[in-house]
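Visitor: I am new to this structure. Please pick one part, take me through it closely, and show me how the rest fits around it.

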Amino acid sequence: MKRTMLALGVIGLALALAGGAWAGKRYLITSSSQVKDGALTGADIQNHSLSLSDLTSRAANRLEASNQQGQQGQQGPKGDKGDPGDQGPQGKPGPRGPQGSLVNYEVDGGSSWALGNMPLALPNANGGYEDAGVVTDVGPASGFNGITATGTGPLKDNVWITDGSEAFSPGLHPFATDHPDFSYGFDNGDGTFYITSGPHAGETLTLAQIRSDFVGYEAYAWVGVTSDGTATVTGHIASVNGTELDNTATVDSAGAAIR
């Protein structure tokens, strides 16, 4: 009996030692015959442990095909309108445009005056003054160098500055309710002008002062004839500062006309 118990103990110890040696070994799988179908799953493979070369050519081709770009999808719906952007910087000023007609016509009947872009006339209102003439654009006031007119008769001239729209806008203006809104002045014949309206009314300005004080405005030259409304005065205007004209101004007891 004791011998039997000893034999069984030896056998048991041998099996225990054999079992420990089995558990301490690792086996490299080199063939699919070593693994039963379904015994290994993705959970048994360490992430990033396989490369493309570890796969069969069929599996590699299918994997590469799945990575190709698919067909373009349909266009999505239009999005909501965005908020307005910030206002951009102000652009540079453009070139100065023309003020209007190169030549206008003006008459004064004593109680009102009129400006037009065609010949016109007003009746004598017996106000003690009449005039008739042409109003010619002579360029920016910043370059004004005086008025030179040719023609016949007792021609007179004065300068108009476009710091008010009535200097170039056609219309009829009664003196009782509508004093000229622009600067104008009579030629003194010595390179100065006596200004009768505008910010320099009552002052005598030189050409240099007109150029510096009216920068940004246009200068016009009025050339024509004047009368007290009783005498007949006629003048012919042939040119103003190089602009050729052919107009006749007449003032008499009947009225003032420029043609």
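Guide: What follows starts with the whole chain, settles on one strand and its sheet, and then moves outward.

This is a predicted model, so local features need pLDDT of at least 70 and side-chain atom pairs count only at pLDDT 80 or more, while totals for chains, interfaces and linings use all residues. Residues are numbered from 1 along each chain as its sequence is written, and side-chain values use heavy atoms, with hydrogens and water left out.

The chain first. Its secondary structure comes to three helices and 14 strands. Both are DSSP runs numbered from the N terminus: helices are H or I with at least four residues, strands are E with at least two. The chain has 259 residues, and 30% of them are buried. Buried means under 20% relative accessible area, exposed means over 50%, and partly exposed lies in between (1.4 Å probe, protein chains only). Among contacts with a separation of 6 or more, 60% join residues 24 or more positions apart. A contact means heavy atoms within 4.5 Å.

Now the close look. The part is strand S13, residues 243-251. It belongs to an open sheet of five strands, in the order S3-S14-S13-S12-S5. The pairing there is antiparallel. Two strands pair if DSSP finds at least two bridges between them. The edges are strand S3 (120-123) and strand S5 (149-152), each pairing on one side only. On average, neighbouring strands of this sheet are turned by 15 degrees against each other, direction ignored. Such angles run from 0 to 180 degrees between N-to-C directions, with axes as lines fitted to C-alpha atoms, for helices over the stretch in contact.

Which way do the side chains of S13 point? They alternate. Thr243, Leu245, Asn247, Ala249 and Val251 point to one face and are buried. Glu244, Asp246, Thr248 and Thr250 point to the other face and are not.

Take the partner strands in turn. Strand S12 (residues 233-240) runs antiparallel to S13, and seven bridges join them. Val233 has Val251 as its bridge partner. Gly235 has Ala249. S12 and S13 form a hairpin with two residues between them. Asn241 sits in that turn, with a positive phi of about 50 degrees. It is not a glycine. Most residues other than glycine have a negative phi. Asn241 is partly exposed, because its relative accessible area is 34%.

The other partner is strand S14 (residues 255-258), which also runs antiparallel to S13 and is joined to it by three bridges. Thr250 stands opposite Ala257 in S14. A hairpin links S13 to S14 through three residues.

Another asparagine is worth a stop. Asn126 is in the loop between S3 and strand S4 (130-140). Asn126 has a positive phi of about 55 degrees and is not a glycine. Asn126 counts as exposed because its relative accessibility is 67%.

Next, a link between S13 and a strand outside its sheet. Thr226 is found in strand S11 (residues 218-227). Thr226 is buried, because its relative accessible area is 19%. Leaving aside neighbours within four places in sequence, Thr226 is in contact with Tyr129, Glu130, Asp131, Lys156, Val233 and Val251. The last two of these are the bridge partners met above. The side chain of Thr226 also makes a polar contact with the side chain of Lys156, at 3.2 Å. A polar contact is a pair of N or O atoms within 3.5 Å; within protein, one must be able to donate a hydrogen and the other to accept it, and residues adjacent in sequence count only if both atoms are side-chain atoms.

S11 leads to the other sheet. This open sheet has nine strands, in the order S7-S2-S1-S4-S11-S6-S8-S9-S10, with antiparallel pairing. Strand S7 (171-174) and strand S10 (204-206) each have a single partner strand, so one side of each is left without a neighbour in the sheet. Here neighbouring strands are turned by 25 degrees against each other on average, direction ignored. Within this sheet, S8 and strand S9 (residues 192-195) pair over three bridges. Asp187 stands opposite Phe193 in S9.
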